[in-house]
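Subject: Structure for your review

Dear colleague,

Please find the structure below, together with its sequence. My account of what was found in it follows.

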Amino acid sequence: MNRTEPLADLAGRVKAFIRCTADGVALCEDEFTALALRLFQAQFEQVEPYRRFCLQRGVGPEATTRWQSVPAVPAEGFKEFELTALAPEERVRVFHSSATSTHRPSRHFHGPGSLELYEVSLGAWFERHLLPDAAGETGMRFLALTPDSTAAPHSSLVHMFEAVIPKSAAGPDRRCFAARVNPDGGWRLEAKQALGFLRNAVDAGDPVCLLGPAFSHVHLLEALEAGGEALRLPMGSRLMETGGYKGRSREVSRRELHAWITRRLGIAPEWIVGEYGMSELGSQAYNHVAGQALRDGPPVFRFPPWGRARVISPDTGDEVAPGATGLVQVFDLANVWSVMAVETGDLARRFDDGFELLGRAPATGPRGCSLMPSDLVGKGEGP
Amino acid sequence: MMLPDYFLADVPGGPVLTPQLVTDACITLKQNRTRHLVDRTTAELIELLARVAGDWLEPDNPFRRRALEEGPGVMGFSRETLNAGLDDFFGSVTEESLRALVTQDVGHPHRLERPLATEQDTHEGRRALAVGPELLVHVTGGVLPNPPMTSLMLGLLARSAQFMKCARGTSLVPRLFAHSLREVAPKLAATIEIAEWRGGDEPLEAALLAQANCVTATGRDTTLASLRQRLPVPARWVSYGHRVSVGYVTHEMLSSRMLPEIVQAAARDVAAWDQLGCLSPQAFYVESGGRFPPEHFAEALAGAMEKTERVQPAGPPAPETAAAIAARRRIYELRAANLSHTRLWQSPGSTAWTVVHEEDPDFKPSCGHRFVPVKPVANLTEALKGLDPVRGQVSTVGLGAPGPRETELVTGFARWGVTRICPLGRMQIPPLSWRHDGRPSLGDLLLWCDWESSARW
């Protein structure tokens with residue numbers, strides 16, 4: 001592997017890899033390694049801040065033979081550096097991390113090729129976890145508790161929702177984006193619109209797929225509670241929740257949220273799926289397949305075969321043993337024009353087949369840097 | 001050493017605390033105060049406290065030994081860090097320092113015993129007596145043991161019954177200290193209670209606050225606000241919110257002669273209590289224009305941190321702490337690779353210590369655990385501008401400056417709002433008479449009774 005393949009060619013190979021592994025069964029370790037190393041070589045050459053990062057670590061593509069050895073950039077780095085192989089004129093879209101006016105957001109640049117690959121990647125794994133019964137083609141209604149992409153063009157989550165809702169779900173009673181953007185950049189749920197959509201689905205007897213960040217679900221449930229209303233969504237209805245609360249609603253434990261969803265929307269816990277994703281990644285992890293029996297123990301997130309997660313020791317950078325905790329690194333083949341290997345800054349416990357998310361490593365990144373010390377007090381209070 | 005279950009927090013697993021139990025304990029404490037504490041002389045109390053502190057300095061003192069055996073496990077510090085912290089603290093408690101504290105805060109030691117006139121009072125024809133609160137409640141927040149031990153000493157000097165409510169898992173050393181008092185003065189120890197519970201238990205806290213005449217509280221600003229709201233109106237409130245501290249080094253100190261000493265002192269401040277106290281430096285502002293650039297200071301500091309690690313290792317970090325450190329290091333690594341003046345030094349194969357050099361004077365809270373940035377600045381003005389986000393919250397500045405420049409710098413910091421300036425190397429060792437956050441810590445507990453003499457008619 002001496003010659004660097006054009007990124008567009010690599011993207012084609014990644015797409016083929018996704019197609020042949022999307023059922024989650026065929027794991028082609030050799031092909032994954034080959035693609036990962038080729039991406040590393042190309043990105044090392046074309047993403048300048050990343051190349052410097054690798055050089056400082058003394059790691060280059062020539063001597064790297066395992067995908068696990070590819071240096072992972074911190075996701076935070078997308079805020080400060082242009083981690084992209086795209087020239088400015090090639091960038092048609094940029095996704096930001098959920099930013100507020102006081103934070104500098106992440107910037108993940110996309111061109112037509114990378115957007116297409118993003119959609120292939122996110123679609124395949126979403127379908128496998130949210131629509132394993134191909135319910136999207138048979139009358140399912142889709143309610144996203146987010147703005148649409150006209151209002152939130154820089155949200156990778158919104159882009160994802162637009163991409164995963166089947167074209168066949170057309171018209172305002174089959175698909176709905178029920179939130180608007182506040183002047184501060186935050187999202188506000190259009191509760192009336194969302195509730196109207198859900199009531200119509202109940203009347204029609206059509207199942208609903210609800211999509212949104214956890215805080216939006218909380219807002220929806222609060223609206224139902226305020227009206228003393230409990231819906232019984234038709235059989236086959238399901239819900240995807242993602243992300244934390246980021247101070248946008250009161251914090252609810254996962255267990256409490258799920259019980260609340262069951263109580264107010266009539267969606268049983270087996271039909272609630274957690275997603276883990278970020279604007280810096282082209283692939284996402286899920287912790288459950290809609291409709292399957294829940295397994296014992298904590299929810300375990302799994303990336304697709306084209307995105308491998310490792311939980312690494314903060315001390316040594318080596319992968320921790322199963323059951324131990326560390327930082328999440330994701331090696332995501334769907335990141336072709338940016339950087340494949342990303343360290344997310346999230347703390348997780350390793351399982352044999354994935355990881356349990358324990359939260360964000362405290363005091364890192366935007367939260368740490370922007371909070372006043374009074375909010376950051378750990379055990380070190382008092383003189 | 002077996003300790004009797006004397007304080008509420010002594011009971012393994014914790015007793016079942018009820019509001020009634022708290023109320024009863026407070027009433028007993030007040031009775032014991034009347035019987036055993038109110039009429040003690042200041043000299044007697046000073047002698048006692050100095051003796052107990054002196055005992056703690058002995059390596060085979062059983063209370064100290066127990067603190068060193070159990071402390072690392074429950075507090076997260078290495079034995080060596082705890083050892084050094086206890087030495088520094090008890091070394092500062094002597095008869096002289098206690099007398100200096102009392103004299104500073106009340107004018108004369110006898111004024112805590114009987115009405116007495118100072119020179120100024122004589123002029124005005126009055127005498128005055130300082131009286132401590134009947135029941136002093138301490139609500140402590142952090143894991144560092146010296147603030148609660150200081151509080152107990154101040155409470156004794158004020159002749160107050162004391163109920164100390166510690167945050168979960170933090171009472172060990174204060175409890176051992178109280179036991180060591182009990183060994184030499186059991187009746188005095190009967191005026192002290194120590195309990196642990198998770199903050200925010202409103203029924204317990206309501207019972208406690210209802211009995212309090214004065215409350216001292218340290219902790220998060222939100223915790224303090226919530227407590228204060230629940231305090232009955234007549235009780236007094238003395239709170240210490242979260243503070244940050246920094247180091248400041250002038251360019252004159254960056255010479256081959258001064259540098260080794262100054263970085264050693266700086267490393268000592270970072271290592272003390274694993275940089276988790278309000279008095280720990282969260283950044284060093286270093287002036288450019290010296291013989292060596294500030295980057296040189298950072299590199300030398302990294303060397304000093306590594307040396308310190310060998311004799312006083314950092315405590316083993318909790319997983320989330322280690323992850324926070326690793327994540328922060330990674331972003332600095334990326335910056336260092338791409339920005340010419342950002343550099344990173346770190347303990348190899350561990351998260352024990354981290355030094356970064358960055359040309360960004362803006363203050364950002366450190367994650368503690370011996371992770372410290374060095375920030376070059378042109379002068380004091382630039383440093384103060386960078387510190388603006390925490391103005392009003394800066395406690396201590398550890399200063400490395402030549403004599404002729406000290407006054408100018410101290411005045412500048414003081415007018416800006418800093419309440420304590422000390423030489424580098426002593427940031428976590430304030431003298432007992434330290435004015436905590438700029439206020440007299442004993443004086444703030446006391447109320448004065450002024451006696452205007454009737455002799456004139």
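Chain B has a mean pLDDT of 94, with 99% of its residues at 70 or more. Please bear in mind that this is a predicted model. Its scores are ipTM 0.88 and pTM 0.89.

**The interface between the chains**

Contact between the two chains involves 36 residues of chain A and 46 residues of chain B. On the chain A side, the elements that supply two or more residues are helix H3 (48-57), strand E1 (73-74), helix H4 (77-80), strand E13 (325-332), strand E14 (341-351) and helix H10 (365-370). Of these, H3(A) gives the most, with five residues. By class, the side of chain A that touches chain B consists of 17 nonpolar, 12 polar and seven charged residues.

**Chain A: a helix pair**

Helix H1 (residues 7-21) and helix H5 (residues 112-130) of chain A have axes that come within 10 Å and cross at roughly 10 degrees. H1(A) is therefore roughly parallel to H5(A). The crossing of H1(A) past H5(A) is left-handed. From H1(A), the contact is made by A:Ala8, A:Ala11, A:Val14, A:Lys15 and A:Ile18, and from H5(A) by A:Gly113, A:Leu117, A:Val120, A:Ser121 and A:Ala124. Seven of the residues in this contact of H1(A) with H5(A) are nonpolar, two are polar and one is charged.

**Chain A: a six-stranded sheet**

Chain A contains an open sheet of six strands in the order E5-E4-E8-E9-E10-E11, and its pairing is mixed. Strand E5 (175-177) and strand E11 (285-286) of chain A are the edge strands, each pairing on one side only. At the E11(A) edge, strand E10 (residues 272-276) of chain A pairs with E11(A) in the antiparallel sense over two bridges. There, A:Tyr276 has A:Ala285 of E11(A) as its bridge partner. Helix H7 (residues 191-204) of chain A packs on the sheet, where H7 touches strand E4 (141-144), E5 and strand E8 (208-213) of chain A. The direction of H7 makes about 165 degrees with that of E4(A).

**Chain B: two helix pairs**

The first pair to describe is helix H1 (residues 19-36) and helix H10 (residues 202-211) of chain B, which pack at an angle of about 20 degrees with their axes 8 Å apart. That angle makes H1(B) roughly parallel to H10(B). H1(B) passes H10(B) in a right-handed crossing. On the H1(B) side, B:Pro19, B:Val22, B:Thr23 and B:Cys26 take part; they meet B:Pro203, B:Leu204, B:Ala206, B:Ala207, B:Leu208 and B:Gln211 in H10(B). The contact of H1(B) with H10(B) has eight nonpolar residues, two polar and no charged.

The other pair is helix H2 (residues 42-57) and helix H5 (residues 95-106) of chain B, with axes 9 Å apart and a packing angle of about 140 degrees. H2(B) and H5(B) are therefore oblique to each other. Their crossing is right-handed. Here B:Thr42, B:Ile46, B:Glu47, B:Leu49 and B:Ala50 in H2(B) meet B:Glu95, B:Leu98, B:Arg99 and B:Val102 in H5(B). This contact of H2(B) with H5(B) comprises five nonpolar residues, one polar and three charged.

**Chain B: a five-stranded sheet**

The open sheet of chain B is formed by five strands in the order E4-E3-E2-E5-E6, and the pairing is parallel. Its edge strands are strand E4 (192-196) and strand E6 (236-240) of chain B, each of which pairs on one side only. From one strand to the next, the twist averages 15 degrees. Strand E3 (residues 161-166) of chain B pairs with E4(B) in the parallel sense over five bridges, and B:Met164 stands opposite B:Ile194 in E4(B).

Two helices of chain B may be placed against these strands. Helix H8 (residues 172-184) of chain B lies across E3 and E4 of chain B and runs at about 160 degrees to E4(B). H10(B) lies across strand E2 (135-139), E3 and strand E5 (214-218) of chain B, running at about 145 degrees to E2(B). H10(B) thus meets residues of H1(B) and also lies across these strands.

Yours sincerely

Note on methods
Residues numbered from 1 in each chain as written. Chains lettered and ligands numbered in written order. Predicted model: local features only at pLDDT ≥ 70, side-chain atom pairs only at ≥ 80, totals over all residues. pLDDT = per-residue confidence, 0-100. Contact = placed C-beta atoms within 7 Å. Helix = DSSP H or I, 4+ residues; strand = E, 2+ residues; numbered from the N terminus. Nonpolar A, V, L, I, M, F, W, Y, C, P; charged D, E, K, R; others polar. Axes fitted to C-alpha atoms, helices over the stretch in contact; angles between N-to-C directions. Parallel < 35°, antiparallel > 145°, perpendicular 65-115°, else oblique. Left-handed = near helix turned anticlockwise from the far one by under 90°. Pairing = 2+ DSSP bridges.
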